[in-house]
Amino acid sequence: MRIIGVTGGVGAGKSAVLDYLEGHYGALRIEADQVGHEVMKPGAIAYEPVLAAFGHDIVSPDGKIDRRALGNIVFTDEEKRLLLNSIIHPAVKDEILRRLREAEQRGEKLAVVEAALFLEEHYDAFCDETWYIYTEEENRRQRLRGSRGYSDARIDALLRSQRTHEEFLTRCDRVIDNNGSVEETQRQVEAALRRT
């Protein structure tokens, strides 16, 4: 099974590349952020450790972790954010690896893994190749304003917290330039898939 890692800055258009790989090539799609939500569900691997660390005040009436309440705690406290990450990130990675093993056993041919902290968490170690979805900062800002309704202050904070263009270039195997049309991006994806 070929495993492609997809990374890039916020607003770069990673989801569009994932949509294309899933829709046109039948790729198994794994997004670390979504897995992060799943591992915090009641009964899942990170649920009890998160409650032990942050208390039952973060539990909503339906028994689920109130992600907004948890977010409010970690957003203003770096130590607590690091504590949450130390619980969630290993659980997410373990779950992704489990899904990849199962997919390979089923005979899947292509899997794509996307994570905001792809390089930081060393996801490239278990991928056959890593694609950097590159989009100029102004295009990313426009997308984040338009599609997510983010304020300029929030966008500034997000961009400051991310890897630099040079770091992505150094650590990734291929660059998909997502500044042009959808068709141009898709052509690059197809060309990258043809290369081995």
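**Exercise 1. Place Val112 in the fold: find which residues Val112 touches beyond four places in sequence, and decide whether it is buried or exposed.**

Solution.
- Step 1. List the contacts. Leaving out residues up to four places away in sequence, Val112 touches Ile4, Val6, Leu18, Leu21, Ala27, Leu28, Arg29 and Ile30. This model is a predicted one.
- Step 2. Take one partner. Leu21 lies 91 residues from Val112 along the chain, yet their C-alpha atoms are separated by 7.8 Å.
- Step 3. Find the element. Val112 sits in strand β3.
- Step 4. Check accessibility. The relative accessible area of Val112 is 1%. Buried means under 20%, so Val112 is buried.

**Exercise 2. Describe the largest nonpolar core: which of its residues touch the most other members?**

Solution.
- Step 1. Start with the residues. The core holds 33 residues, and Val50, Leu70, Ile96 and Tyr123 touch the most other members.
- Step 2. Add the elements. At least two residues each come from α2 (32-38), α3 (47-54), α4 (67-75), α5 (78-106) and β3 (110-114).
- Step 3. Name the main supplier. α5 gives the largest share, 7 residues.
- Step 4. Look for another core. A second, separate core has 16 residues, among them Leu110, Val112, Val189 and Ala192.
- Step 5. Return to Val50. Without its neighbours within four places in sequence, Val50 is in contact with Met40, Gly55, Ile58, Ile65, Leu70, Leu84, Ile87 and Ile88.
- Step 6. Set this against a general pattern. In soluble globular proteins, nonpolar side chains tend to be buried together.

**Exercise 3. Search for disulfides: how many are found in the whole structure?**

Solution.
- Step 1. Count. The search finds 0 disulfides.
- Step 2. Test Cys127. Its nearest cysteine sulfur belongs to Cys172 and is 10 Å away. A disulfide needs sulfur atoms within 2.5 Å, so Cys127 is in no disulfide.
- Step 3. Test Cys172. Its nearest cysteine sulfur is that of Cys127, and Cys172 is in no disulfide either.
- Step 4. Check burial. Cys127 has 10% relative accessibility and counts as buried. Cys172, at 12%, also counts as buried.

**Exercise 4. Characterise the second largest pocket: which residues are closest to its centre?**

Solution.
- Step 1. Give the volume. The second largest pocket has about 190 Å³.
- Step 2. Go to the centre. Its lining has 15 residues, and Glu137, Arg140, Arg163, Thr164 and His165 are the closest to the centre.
- Step 3. Assign elements. β4 (129-134), α6 (137-148) and α8 (165-171) give two or more lining residues. The largest share, 3 residues, comes from β4.
- Step 4. Sort by character. The lining divides into 6 nonpolar, 5 polar and 4 charged residues.

Terms used:
Residues numbered from 1 in each chain as written. Predicted model: local features only at pLDDT ≥ 70, side-chain atom pairs only at ≥ 80, totals over all residues. Heavy atoms only, no water. 1 Å grid on protein atoms, 1.4 Å probe; cavity = no way out; pocket = protein on both sides within 12 Å on 5 of 7 lines; lining within 4 Å. Points joined across faces, edges and corners; volume = space filled by probe spheres on them. Helix = DSSP H or I, 4+ residues; strand = E, 2+ residues; numbered from the N terminus. Nonpolar A, V, L, I, M, F, W, Y, C, P; charged D, E, K, R; others polar. Core = buried A, V, L, I, M, F, W, Y, C linked by side-chain atoms within 4.5 Å. Buried < 20%, exposed > 50% of the residue type's maximum accessible area, 1.4 Å probe, protein only. Contact = heavy atoms within 4.5 Å.
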